[in-house]
Amino acid sequence: MTTVALKPATMAQALTRGLRDAMAADPAVHVLGEDVGALGGVFRVTDGLVKEFGEDRCTDTPLAEAGILGTAVGMAMYGLRPVVEMQFDAFAYPAFEQLISHVARMRNRTRGRMPLPITVRVPYGGGIGGVEHHSDSSEAYYMATPGLHVVTPATVADAYGLLRASIASDDPVVFLEPKRLYWSKDAWNPEEPTDVEPIGRAVVRRPGRSATLITYGPSVPVCLEAAEAARAEGWDLEVVDLRSLVPFDDETVAASVRRTGRAVVVHESGSYGGPGGEIAARVTERCFHHLEAPVLRVAGFDLPYPPPMLERHHLPGVDRILDAVARLQWEAGN
Amino acid sequence: MTVMEQRGTYRPTPPPAWQPRTDPAPLLPDAVPYRVLGTDAAAQADPELMRRLYAQLVRGRRYNVQATALTKQGRLAVYPSSTGQEACEVAAALVLEERDWLFPSYRDTLAVVARGVDPVEALTLLRGDWHTGYDPYEHRVAPLCTPLATQLPHAVGLAHAARLRGDDVVALAMVGDGGTSEGDFHEALNFAAVWQAPVVFLVQNNGFAISVPLAKQTAAPSLAHKAVGYGMPGRLVDGNDAAAVHEVLADAVRRAREGGGPTLVEAVTYRIDAHTNADDATRYRGDAEVQTWREHDPIQLLERELTARGLLDEDARRSARDAAEAMAADLRARMNQDPVLDPMDLFSHVYAEPTPQLREQQALLRAELEAEQEGAH
């Protein structure tokens with residue numbers, strides 16, 4: 001196999017490369033979904049796979065998400081390692097019963113005898129001008145389902161490394177791909193031995209001393225931008241990229257907040273019942289005596305995802321993040 | 001010039017993308033449910049197979065009676081009985097080769113047992129000590145499936161995977177009449193037909209989805225007719241005629257194995273007992289209806305045929321009864337022992353490795369159990 005150094009590469013290219021390498025490494029890996037064949041997927045992530053591996057390995061299915069995931073369950077029962085593409089976040093909902101009643105619990109129901117190594121790729125989140133049903137942040141549903149791993153990359157390298165780890169995992173993984181980062185570029189050399197990024201480890205994207213921004217996926221670049229802007233205010237913000245929502249890296253997050261004493265959780269998903277509540281609780285439980293202020297959340301509003309012409313008011317942006325940082329009781333703490 | 005004359009040589013053509021469709025006629029089911037017992041076709045039936053079916057039917061009925069009794073004694077949380085449907089249950093299990101797979105619904109414990117799964121392990125779900133008691137890979141039986149029709153796409157995927165690997169494995173998936181209204185029924189049949197997966201779908205039309213009769217479930221000419229819309233053959237069979245069910249399923253299995261694709265079989269039968277021991281069937285159906293079906297009993301139908309043809313004497317009858325009683329006694333004895341439960345097992349199989357969060361919760365439970373134990377001393 002020839003290796004082409006992609007420099008710089010987009011996240012979509014890294015995902016394609018991840019799928020291709022996984023398929024080449026293990027004949028049990030099968031890709032299936034809507035338009036994943038000749039078209040290469042609506043985001044072109046499966047581009048070229050059908051040509052290289054044939055229709056049996058990269059299969060255009062009928063347009064039925066429950067059927068796609070349901071048949072993937074049967075394929076996994078027989079020893080295959082299906083990678084399922086859900087075309088958009090909101091189009092994955094028909095597959096929820098299969099995901100929740102079977103994918104997430106087959107290992108448990110059978111006392112470990114029938115694990116299901118299925119990767120469910122879901123493009124998620126907003127900011128691409130998508131019309132209704134194309135911009136949901138559905139991670140809270142997945143996080144609330146025991147038996148699933150929930151992973152979301154924010155960088156080109158992580159897209160590759162986490163996808164390889166997800167496909168290699170013997171547990172089902174919901175792999176959330178931030179749509180608006182598909183075309184984000186990064187200098188990335190796939191020949192470096194950063195192949196597989198273990199699931200469950202957060203990473204400090206930007207070290208800082210004043211406060212910690214805890215975030216993931218599409219909000220990571222926004223938080224990095226906010227951290228740069230915050231320098232003007234005299235704040236040195238740390239940015240933690242969770243990468244994995246399940247399992248959750250309490251250690252890295254708590255260590256950061258203990259250092260900084262302040263924390264804001266940032267995500268596109270709604271605030272009420274969203275991931276931020278769980279994260280804030282976990283941080284408070286572990287870092288209470290180190291906290292100078294309550295853990296705040298900057299999230300999408302608790303609305304059905306807005307129409308594209310209004311979405312910028314909904315999505316957490318730099319200003320809203322800096323406003324939250326300003327509310328972290330600096331007077332009291334200093 | 002009239003408009004007609006102006007038209008001249010113009011001939012209407014079909015829309016560009018239109019293709020001649022498959023002739024639906026060969027896919028259509030029989031007008032009446034296919035029968036073997038009591039017909040000329042019975043002469044062609046293999047006597048040895050019919051005797052095996054008989055012994056299994058007697059055993060199956062006894063299992064249903066015993067399991068229902070165990071619910072009354074508090075040994076089972078619930079039991080959805082298949083009394084009256086034993087012919088379907090037994091034929092579905094016997095028609096498969098060892099390498100094939102069975103995908104049962106929650107009412108199909110009997111098929112699971114007839115396939116060779118330990119009768120006690122098959123009841124684990126209903127006793128409530130775990131969800132699935134048996135190893136699915138030992139007898140190639142998927143876990144008993146409670147959410148309706150959701151096991152059907154699994155059967156399709158497994159059969160498809162087997163075919164991709166070059167194995168001549170067939171999957172037989174069981175579902176009830178109510179389950180045919182679910183979206184997963186539709187998606188599974190559609191995928192199976194598109195992929196030409198080696199699957200057989202057996203619908204046991206037992207007349208009711210808990211309390212709701214078939215007339216409120218579908219307006220289709222029959223459930224077997226639904227096959228035509230997917231481009232697969234539909235077969236309609238008397239579900240209480242064990243020889244007929246076996247023959248129709250065997251045809252479908254053979255067809256699937258030879259690469260002919262899926263088949264939908266509707267077996268017309270009746271749920272003699274209530275939905276489960278917790279249900280009250282008198283609220284939605286009359287005794288007279290039940291009585292007509294009692295007179296169309298699968299064991300009696302087969303027994304009559306075998307006796308008339310001199311294939312079943314009193315010795316054979318007694319030996320089937322004795323074997324069934326021995327099974328029931330063993331089941332009683334084993335089910336009357338309390339299962340050994342380890343609460344720490346709760347955390348063992350959520351993931352391949354427990355997450356750090358689960359380890360914390362595991363430690364919490366361990367501490368609670370230790371405190372309980374200390375309190376007991």
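Two strands are said to pair if DSSP finds at least two bridges between them. In this predicted model, strand 1 of chain B and strand 2 of chain B, the latter made of residues 171–176, meet that condition, since three bridges join them in the parallel sense. Within this part of the chain, B:W101 stands opposite B:A171, a residue of strand 2 of chain B.

From this pair the reader can move outward to the sheet that holds it. Five strands of chain B make up an open sheet, and their order across it is 1-2-3-7-6, with parallel pairing. The edges are formed by strand 1 (101–103) and strand 6 (234–238) of chain B, each of which pairs on one side only. From one strand to the next, the twist averages 20°. Helix 10 of chain B, which covers residues 242–257, packs on this sheet and touches strand 2, strand 3 (199–205), strand 6 and strand 7 (263–268) of chain B, while the direction of helix 10 makes about 175° with that of strand 7 of chain B.

The remaining step leads from the sheet to the place where the two chains meet. Here 34 residues of chain B are in contact with 35 residues of chain A. On the side of chain B that touches chain A, the elements giving two or more residues are helix 6 (136–139), helix 7 (151–164), helix 8 (183–195) and helix 14 (356–376) of chain B. Helix 7 of chain B gives the most to this side, with ten residues. Sorted by class, the side of chain B that touches chain A has 19 nonpolar residues, together with twelve polar and three charged ones.

Notes
Residues are numbered from 1 along each chain as its sequence is written. Chains are lettered from A and ligands numbered from 1 in the order in which they are written. This is a predicted model: local features need pLDDT of at least 70, side-chain atom pairs count only at pLDDT 80 or more; totals for chains, interfaces and linings use all residues. Two residues are in contact if their C-beta atoms, placed from the backbone, lie within 7 Å. Helices (H or I, at least four residues) and strands (E, at least two) are DSSP runs, numbered from the N terminus. Ala, Val, Leu, Ile, Met, Phe, Trp, Tyr, Cys and Pro count as nonpolar, Asp, Glu, Lys and Arg as charged, and the others, Gly among them, as polar. Axes are lines fitted to C-alpha atoms, for helices over the stretch in contact, and angles run from 0 to 180 degrees between N-to-C directions.
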